[in-house]
Amino acid sequence: MKNAVIGNNKQKANLIVLGAVPRLLYLLQQETSSTELKTECAVVLGSLAMGTENNVKSLLDCHIIPALLQGLLSLDLKFIEACLRCLRTIFTSPVTPEELLYTDATVIPHLMALLSKSRYTQEYICQIFSHCCKGPDHQTILFNHGAVQNIAHLLTSVSYKVRMQALKCFSVLAFENPQVSMTLVNVLVDGELLPQIFVKMLQRDKPIEMQLTSAKCLTYMCRAGAIRTDDNCIVLKLDHDLKHAHELRQAAFKLYASLGANDEDIRKKIIETENMMDRIVTGLSESSVKVRLAAVRCLHSLSRSVQQLRTSFQDHAVWKPLMKVLQNAPDEILVVASSMLCNLLLEFSPSKEPILESGAVELLCGLTQSENPALRVNGIWALMNMAFQAEQKIKADILRSLSTEQLFRLLSDSDLNVLMKTLGLLRNLLSTRPHIDKIMSTHGKQIMQAVTLILEGEHNIEVKEQTLCILANIADGTTAKELIMTNDDILQKIKYYMGHSHVKLQLAAMFCISNLIWNEEEGSQERQDKLRDMGIVDILHKLSQSPDSNLCDKAKTALQQYLA
């Protein structure tokens, strides 16, 4: 079972559905189970917890935490370590309420006592504390149970992981807490004061994560008044090293963005690197604009993968911090973040629905009014993706939020990309018959005006082709097609483009005619007669001799409608 689930989320989910969790917990708590069996059960449960957030929810529903906490009363160190490892994984999941650690008053003192058992108990317990210490109440409980004294000596541990988790503990304990900060100033570890140890951990040869976390500890102590803010050692060191750390993170994110830009295998490797997605997502809320920009660029590069959009991006709910970034950021970040949002709104992306529910329509409509053409393009592009095969309600929301005035402003935008994406949006809005008829019944007059203006204007082939495709969609409506049939100007334009020198435009115009004359639909005879009087049948005969096979086939199919 253990070997089957390692690194395989699908197998993990299968085992949970098959009811493995209650059975494993039963064996874990049975006094008759051997310690070796109990340990194996804890290991498998830990592996299940490393899957998706839904896995963790299933484990919590089976009351795994009380069972694992009970396991910590064992005398067997390997079993204790396995229980702690599993608890660590569960408590570091965003779906686990921190309060579950504090429900039983005997748990915290027992965890303090286990700190001396091994480097693994030290690493896991410190990690649990640093994740479950959320606010003054938790800080007070941990402080009163001797957290400072019990964890301080771990800062000189031979294990980097233990030192790092101990340091993180101090950063959460000291956060906005004068009582803890004042105590830390006077703590001695191997004859050295704690602030001195923090300063040593800021040195260049230490890992970036360690430098940043020790900088946090010193910053919180300064804010609490425990260390003088004009202490040169701290002021210079923090300023210089934070800048250096930001530069390094920025460079790393940029490198990953470049590596993942065009290669699916590399994107997969980057995403599967341990904690990588968490680090990139954390980068979105960095204080440094340059780091935030590089993190967004990195995610944008990774979001080009269909596979990752369906899996990792959903597992890490990347859309949430991204939406936060989009609320208030400089243009350079907004451009990349909104471009990434376009990818997250593709029809196969599971993030599409929650993004819609979080107010994305208003945000994107706001972007279309930006003076920056790149933001206008991304805003309308994202709306276009959103409207693709969407429900009527979403389409109505887009039209209401965007307003017809803004839609037509965008259709006369000087930027070609904006115009093309706006036409794409209109085409996606006008798809499926009931939607076409509904939208044309309320906005038909303005849409027909816009179509006329574009077909008359000095636009390139692609723009006119898109516009004729929109007309073809309108012609596919049940009641909407009458807006074309009663508009002689539009009919003459369709006729004109049927005889155009460019095949793309001839084909698009042919689609309009085919939809208008399809004889299985009500009123088709009258429409056919009117178009025959206009000379459309003669053109169809001409086109049926076209050297272009596609055009020739479409013309013959249309002529058959007249013969049927």
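A residue counts as buried under 20% relative accessible area, as exposed over 50%, and as partly exposed in between. Glu 209 has a relative accessible area of 33%, so this residue is partly exposed. The model described here is a predicted one.

**Salt bridges**

Over the whole structure, a search finds 20 salt bridges. Three of them are listed below, including the one formed by Glu 209.

| Acidic residue | Basic residue | N to O distance |
|---|---|---|
| Glu 40 | Lys 2 | 3.2 Å |
| Glu 209 | Lys 168 | 3.0 Å |
| Glu 192 | Lys 200 | 2.9 Å |

The salt bridge between Glu 209 and Lys 168 has its closest N and O atoms 3.0 Å apart. This pair links distant parts of the chain: Glu 209 lies in helix H15 (residues 208–223) and Lys 168 in helix H12 (residues 160–174), with their positions 41 residues apart. Lys 168, the partner of Glu 209, has a relative accessibility of 25% and therefore counts as partly exposed.

Glu 40 and Lys 2 also meet through their side chains in a salt bridge, at 3.2 Å from N to O. Here too the pair links distant parts of the chain, as Glu 40 belongs to helix H4 and Lys 2 to helix H1 (residues 2–5), and the two are 38 residues apart. Glu 40 is partly exposed, with 35% relative accessible area. Lys 2 is likewise partly exposed, at 29%.

In the salt bridge between Glu 192 and Lys 200, the side chains meet at 2.9 Å, N to O. Glu 192 has a relative accessibility of 25%, which places this residue in the partly exposed class. Lys 200 is partly exposed as well, with a relative accessible area of 41%. Elsewhere, salt bridges with shared partners join Arg 433, Asp 476, Lys 481 and Glu 521 into one network.

**Packing of H4 against H5**

Helix H4, which holds Glu 40, spans residues 35–49, and helix H5 spans residues 53–61. Two packed helices are described by the distance between their axes and the angle between those axes. For H4 and H5, the axes come within 8 Å and cross at roughly 135 degrees. That angle makes H4 oblique to H5, because only angles over 145 degrees count as roughly antiparallel and those from 65 to 115 as roughly perpendicular.

On the H4 side, the contact is made by Leu 45, Leu 48 and Ala 49, which meet Asn 55, Val 56 and Leu 59 of H5. The residues of this contact divide into 5 nonpolar and 1 polar, with no charged residue among them.

Conventions
Residues are numbered from 1 along each chain as its sequence is written. This is a predicted model: local features need pLDDT of at least 70, side-chain atom pairs count only at pLDDT 80 or more; totals for chains, interfaces and linings use all residues. Side-chain values use heavy atoms; hydrogens and water are left out. Axes are lines fitted to C-alpha atoms, for helices over the stretch in contact, and angles run from 0 to 180 degrees between N-to-C directions. Helices (H or I, at least four residues) and strands (E, at least two) are DSSP runs, numbered from the N terminus. Angles under 35 degrees count as roughly parallel, over 145 as roughly antiparallel, 65 to 115 as roughly perpendicular and the rest as oblique. Contact means heavy atoms within 4.5 Å. Ala, Val, Leu, Ile, Met, Phe, Trp, Tyr, Cys and Pro count as nonpolar, Asp, Glu, Lys and Arg as charged, and the others, Gly among them, as polar. A salt bridge is a side-chain nitrogen of Lys or Arg within 4 Å of a carboxyl oxygen of Asp or Glu. Buried means under 20% relative accessible area, exposed over 50%, partly exposed in between (1.4 Å probe, protein chains only).
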